[in-house]
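Please open the model in your viewer and keep the sequence panel beside it. The stops below say what to select next and what is to be found there.

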Amino acid sequence: MLEELPKLSANAGRDATLPSPGVGAVPTSTVRISRQAEAYYTASQVQLIFWRLRKHRLAMISFFVVVALYLTAIFSEFLSPYEYTARHADFLYAPPQTLHFIHDGQFSPRPFVYGYAMTRDPKTLLEMYTQDATKPYYLTWLPKVEPYKMWGVVELDRRIFGTAEEGTVFLFGTDSLGRDLLSRILYGTRISLSIGLVGVALSLFLGIMLGGISGFYGGVADVIIQRAIEILRAFPDIPLWMGIAAALPPNWPVIRVYFAISIILALLGWTEVARVVRGKILSLREQDFAMAARLAGVRERRIITHHLLPSFTSHLIVVVTLSIPAMILGETVLSFLGLGLRHPVSSWGVLLQDAQNVRTIASYPWLLIPILFVVLTVLAFNFFGDGLRDAADPYSD
Amino acid sequence: MLAYLLKRLLLMIPTLAIISIISFWVINLPPGNYVDAFIAQMAGQGQIPDFETRAQMEQMYGVNQPIYVQYFKWITRALRGDFGQSFEWRRPVVELLGDRLARTIAISLVTIVFVYTVAIPIGIFSALHKYSLWDYILTFIGFLGLSIPNFSLALIMLYLGFEYFNMSVGGLFSPEFKNAPWSIARALDFLSHLWVPIIVVGASGTAGLIRVTRANLLDELNKQYVVAARARGMPRRRLLWKYPVRVAMNPVISSAAFILPAVVSGSTITAIVLNLPTTGPIYLRALQSQDMYVAGAFILLLSSLTVIGTLISDLLLAWADPRIRFGGQK
């Protein structure tokens, strides 16, 4: 879109008859420009950013990945084949079932999984799962299941996919209590992804407030806040998070622990926002429009929130996007170490807690699958944030 | 330079003071005081301490006094090298952390050296071959390194090591060398274990630094003085190393300020996953059993070391860049 623009506007210039710039000249004709060029000149900043972002293919793919992940978080009950707490006592540590399309040499467009059979390892004498190629279980769309509550409110009795009553579908295997790992990961998406948003919202609030004070008023407040930022940034974050999280009483309800964790993450996370806000306000408050507002008698808090902040919202969005993955990782690490959320709640960190020692990992490697989701999320946020940063300043070059 | 050094040293004092306050705050976060916890622990083992012991301990730790008195008692003892007793291990905290702290520092230092020696050449290469296939591959690996959290990388290494190389990746020594005296064989064994934590801890720092190096060198290469020098016939290689690379190094050196805390942070969690004999596992253990003097000493020591490390990197930067050394004397 944009690379065409110079050409377009050049054409527009040639086609139109420009008024002569003489003294007192009255414009008698209008400059006609093409629709696209007009769209460019009248586009809002958001639109310009979006156009630039669209050219960044990796960023766009990442954007869709992020959206897909959040949709998963919203509809996790419906998307998971089982309730995340449902225990299948006959299938403890069952390995993932793979999807097949060909049974007995016959192709079926409907994927199916094979049932499990138990054999004893001749060497170690341990019971092992093998697949029973005589029992194909075909997957069905929207099977009827036991009623469950969507978002704890709406009662539903269908999930997106499943299999016949007597069969099982554990695409990612099961854990020590026979719970379906795929369902637990999908449910965990909700906590793992939302804690980043809550934490970022808090750090955005702290960052804008402190950065705003620091940049607008300067003086002693500025010195103190800057020193605080410097000190907080010198701290190794994970050990400090661990130290604070360890003090959370173990008998707290899940929801309180959840918010406590996001507050802990925000306590160290606001510094980057504050740095950007301060830098931008320092340069913007000397601009004419800020002076005009001041002369018109606008109160200072209003100048910051209504005049200065909107002019660097795009930069703030970039900082925020890039700081979400750190928050998600923070929760994952804390829960992984047993200092954050705990069983029976499901978050990616809680799931990885089961995969802490070599023996478990070696015997049940599918317990590491949540790592893929963590990495995918962080990668998508990083790529998207990076593309957004390039696009955030639509008037550059 | 001396004035700059003095100024930086003076600025460090309030920083260290605040770090000590935060550490003390973490010590006091869990409900109940140290003496209660200690006595509960002893009672759990069937030893009921008499009233006198209790009074003596309360006096020593000042638990019934205002919080600032407790802080001063703690910090004055800490400055003399006494970080209190670990009630779980029944040993002074210093003894408990000593060796392990040395190993933590060693691993962190080697990791930093690794990060810089790997990242700078790759970053320069990437910038010189902008948008080439190798640049894309390296950029992608860089992003991947940035996105895989330390602990997951450690878990993956554990799995790969077990599954494909049939070795135990955890620890710093093989079982047969664990308690053996130092020898060449033991040193080799140590080195063969060391590379795993170094890669795990260094991955994200390396990735970040490659990007910093590449971006800064690209900016520099586009400047007119480079074109002018080339036009005058200066050999490409000599020009490159003499001017743009040197200028581009400044942000690279100053990025130590964020790499250092990241490495310390990463080595803590990596050590826990890989079960290294460093401070990380002890710290987690201390937090779980609320052995808070160990935890507090860990935060205090590790953060102070990070601040000192950052200071050293700042001094290096001042040494490399006279604009900083003489800053503020315009």
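Which residue does Phe112(A) stand opposite in β3(A)? Selecting the two residues shows that the partner in β3(A) is Tyr138(A). Before going further, note that this is a predicted model, in which local features need pLDDT of at least 70 and side-chain atom pairs count only at pLDDT 80 or more, while totals for chains, interfaces and linings use all residues. Residues are numbered from 1 along each chain as its sequence is written, and chains are lettered from A and ligands numbered from 1 in the order in which they are written.

**Stop 1: the sheet of chain A**

Stay with the strands, which like the helices are DSSP runs numbered from the N terminus, a helix being H or I with at least four residues and a strand E with at least two. Select β2 (residues 106–120) and β3 (residues 127–141) of chain A, which pair in the antiparallel sense over nine bridges; strands pair if DSSP finds at least two bridges between them. Another place to look along β3(A) is Asp132(A), which Gly115(A) stands opposite. Adding β6(A) to the selection brings in an antiparallel pairing with β3(A) over three bridges, where Thr140(A) has Gly162(A) of β6(A) as its bridge partner.

Now display the whole arrangement, an open sheet of four strands in the order β1-β2-β3-β6 of chain A with antiparallel pairing. Its edges are β1 (100–103) and β6 (161–163) of chain A, each of which pairs on one side only. On average, neighbouring strands of this sheet are turned by 55° against each other, direction ignored; axes here are lines fitted to C-alpha atoms, for helices over the stretch in contact, and angles run from 0 to 180 degrees between N-to-C directions.

**Stop 2: each chain as a whole**

Select chain A alone, whose secondary structure comes to 15 helices and six strands. Along the principal axes its C-alpha atoms fill a box of roughly 100 × 60 × 40 Å. The radius of gyration of chain A is 28 Å, whereas a compact globule of 397 residues would have one near 21 Å (taken over C-alpha atoms, with the globule rule being 2.2 Å times the number of residues to the power 0.38). Of the 397 residues, 36% count as buried, that is, with 20 or more other C-beta atoms within 10 Å of their own, against 12 or fewer for exposed residues and partly exposed in between, the C-beta atoms being placed from the backbone.

Switch to chain B, which has 15 helices and two strands, and whose C-alpha atoms fill a box of roughly 90 × 60 × 35 Å along the principal axes. Of its 330 residues, 37% count as buried.

**Stop 3: where the chains touch**

Show both chains and select the contact, which takes 37 residues from chain B and 32 residues from chain A; two residues are in contact if their C-beta atoms, placed from the backbone, lie within 7 Å. On the chain B side, the helices that each supply at least two residues include α1 (2–28), α7 (150–164) and α12 (256–274). The largest share of that side, eight residues, comes from α7(B). By class, the side of chain B that touches chain A divides into 26 nonpolar, ten polar and one charged, where Ala, Val, Leu, Ile, Met, Phe, Trp, Tyr, Cys and Pro count as nonpolar, Asp, Glu, Lys and Arg as charged, and the others, Gly among them, as polar.

Within this contact, select helix α8 (residues 237–245) of chain A together with α12(B), whose axes come within 7 Å and cross at roughly 55°. The two helices are therefore oblique to each other, since angles under 35 degrees count as roughly parallel, over 145 as roughly antiparallel, 65 to 115 as roughly perpendicular and the rest as oblique. Asp237(A), Ile238(A) and Pro239(A) of α8(A) make the contact with Pro261(B), Ser265(B), Thr268(B) and Ile269(B) of α12(B).

**Stop 4: two loop residues of chain B**

Which sign does phi have at Tyr131(B)? Phi is positive there, at about 60°, although Tyr131(B) is not a glycine. Tyr131(B) lies in the loop between α5 (93–128) and α6 of chain B, and is exposed, with 9 other C-beta atoms within 10 Å.

Finish at Asn275(B), in the loop between α12 and α13 of chain B, where phi is again positive, at about 55°, in a residue that is not a glycine. Asn275(B) is partly exposed, with 19 other C-beta atoms within 10 Å.
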